[in-house]
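Open the model in your viewer and have a selection tool ready. This tour goes stop by stop, telling you what to select and what is there.

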Amino acid sequence: FVASGPPKAEPGAPSKNSGAKNWRWWMMVSVDVFFVVAGQTSATLLGRYYYHQGGSSKWISTFVQTAGFPILFLALLCFPKSSGGGGASGDAPVAKVAVIYVVLGLVIAADDMMYASGLKYLPVSTYSLICASQLAFNVVFSYVLNSQKLTGLIFNAVILLTLSDALLGVNHDETEDMSGMPRGKYLMGFLLTLGASGTYSLILSLMQLTFENVIKKHTYTAVLNMQIYTALVATVASMVGLFASGEWRMMTEEMDTFRSGQFSYFMTLVWTAVSWQITSVGVVGLVFEVSSLFSNVISTVSLPIVPLFAVLIFHDTMDGIKIIAMLIAAWGFVSYLMQHFIDDKKARKAAAGG
């Protein structure tokens, strides 16, 4: 694929102005990348810590993935309306954008529930490796929805990531190391995490499609608006699920029996919520600045980071099959990066020749 890349100078525009624009673009992309990697790593580890210390509510785990959205209003205040189209829809029809936000929010809530369930039933190292399949899913969705081209290197990346997940899918022996977790739960966690990865990739492609064809506003305020309103819908949906399931009655008991104490329970949920919002801002920002495919690739950068921390903190096992799966997934990631480098080089040559 060809990323949108740094903004090009207008004909006759001063080169100094062009350099400033390029610098700002690289700065925004760098900040977004940091948000995604740091936020996703900390959120995943905190999510597993919640279950490891005695938490059991999948709806609470789902709720905290979007409940931190109010802090984004602080970021929104940093961008004046003149530079960001302060409304939720800009020049697009309000009703149309509202429907899109509601639909995306409900899909996000369902996706968060699958992720929460998968993290409950799987070791965090296995969970993070399966999540790498989102790149393979996103290649397909980007091809169908966003007219991204498929090349040999990208196809190779899809095959390798699929093979990595297949190895983990048949590796049931590690369930013996999980405290009494039935093997059927491992398979359920595997399928839910795989389904969540596919749904997440679909969400990113739909967001890119919305930016290109509906919102048509290339501002960071538009990115924050989309994140705030979809997270609002997802949070309301997860609250409905929390009360409808009756799991809200367990919260007091869960807090009292949390192994590291009540304050730790509260802070775990708070910082999980904050971490997921940092991740979401970075993800949506990369969709806006570059593409959904690039955003997904950066999400997989934490692939080798999370399992390492999982071994140190939760004492997850790293058997031969899991190590091979990690190396294969890394190979797929490198294969994609090579294609990105080739396309970026071609785009620069074309721009220089034009």
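The tour starts with the whole chain, then moves through helices and single residues.

**Stop 1: the whole chain**

Keep in mind that this is a predicted model. Show the protein chain as a cartoon. You will find 15 helices and 0 strands. Now colour by burial. Of the 354 residues in the chain, 51% are buried. Next, think about contacts between residues at least 6 apart in sequence. Of these, 85% join residues at least 24 apart.

**Stop 2: the largest nonpolar core**

Which residues have the most contacts inside the largest nonpolar core? Select Y50, M207, F211, F294 and Y336 to see them. The core they belong to has 73 residues. Helix α9 gives the most to this core, with 10 residues. In soluble globular proteins, nonpolar side chains tend to be buried together.

**Stop 3: α9 against α12**

Select residues 183-215 for helix α9 and residues 262-289 for helix α12. The two pack at an angle of about 50°, and their axes are 9 Å apart. An angle from 35 up to 65 degrees is neither roughly parallel nor roughly perpendicular, and α9 and α12 are therefore oblique to each other. Their crossing is right-handed.

Now show side chains at the contact. On the α9 side, pick Y200, L204, M207, Q208 and F211. On the α12 side, pick V283, V284, V287 and F288. By class, this contact has 8 nonpolar residues, 1 polar and no charged. Two of the names should be familiar: M207 and F211 are in the contact, and both are among the core residues with the most contacts.

**Stop 4: α6, an enclosed helix**

Is helix α6 largely enclosed or open? Select residues 124-131 and look around them. Here 8 of the 8 residues are buried, so α6 is largely enclosed by the rest of the structure. They are V124, S125, T126, Y127, S128, L129, I130 and C131.

Keep α6 selected and bring back α9. These helices pack at an angle of about 35°, with axes 9 Å apart. The crossing is right-handed. From α6, the contact uses T126, Y127, I130 and C131. From α9, it uses Y186, F190, T193, L194 and S197. The classes here are 6 nonpolar, 3 polar and no charged residues.

**Stop 5: N138 in α7**

Move to helix α7, residues 134-145, and pick N138. Its relative accessibility is 0%, so N138 counts as buried. Then add G198 to the selection. The C-alpha atoms of N138 and G198 are separated by 7.4 Å, although the two are 60 residues apart along the chain.

**Stop 6: α5 against α10**

Select residues 94-121 for helix α5 and residues 220-245 for helix α10. What is the angle between them? They pack at about 55°, with axes 7 Å apart. That makes α5 oblique to α10. The crossing is right-handed.

Show the contact residues next. From α5, take Y101, V102, L104, G105, L106, I108 and A109. From α10, take N225, M226, Y229, T230, V233, A234 and A237. This contact has 11 nonpolar, 3 polar and no charged residues.

Stay on α5 and pick V103. V103 is partly exposed, with a relative accessible area of 46%. Run a distance from V103 to T230, C-alpha to C-alpha. The two are 8.2 Å apart in space and 127 residues apart in sequence.

**Stop 7: from α8 to α15**

Select helix α8, residues 152-169, and find N156 in it. At 28% relative accessibility, N156 is partly exposed. Leaving out residues up to four places away in sequence, N156 touches W331 and S335. W331 is 175 residues from N156 along the chain, yet their C-alpha atoms are separated by 9.3 Å.

Finish on helix α15, residues 320-353, where you should pick I328. Is I328 buried or exposed? At 13% relative accessibility, I328 counts as buried. Beyond neighbours within four places in sequence, I328 is in contact with L160, L163, S164 and L167. Add T162 for a last distance. I328 and T162 are 9.4 Å apart, C-alpha to C-alpha, and 166 residues apart in sequence.

Notes:
Residues numbered from 1 in each chain as written. Predicted model: local features only at pLDDT ≥ 70, side-chain atom pairs only at ≥ 80, totals over all residues. Heavy atoms only, no water. Axes fitted to C-alpha atoms, helices over the stretch in contact; angles between N-to-C directions. Helix = DSSP H or I, 4+ residues; strand = E, 2+ residues; numbered from the N terminus. Parallel < 35°, antiparallel > 145°, perpendicular 65-115°, else oblique. Left-handed = near helix turned anticlockwise from the far one by under 90°. Contact = heavy atoms within 4.5 Å. Nonpolar A, V, L, I, M, F, W, Y, C, P; charged D, E, K, R; others polar. Core = buried A, V, L, I, M, F, W, Y, C linked by side-chain atoms within 4.5 Å. Buried < 20%, exposed > 50% of the residue type's maximum accessible area, 1.4 Å probe, protein only.
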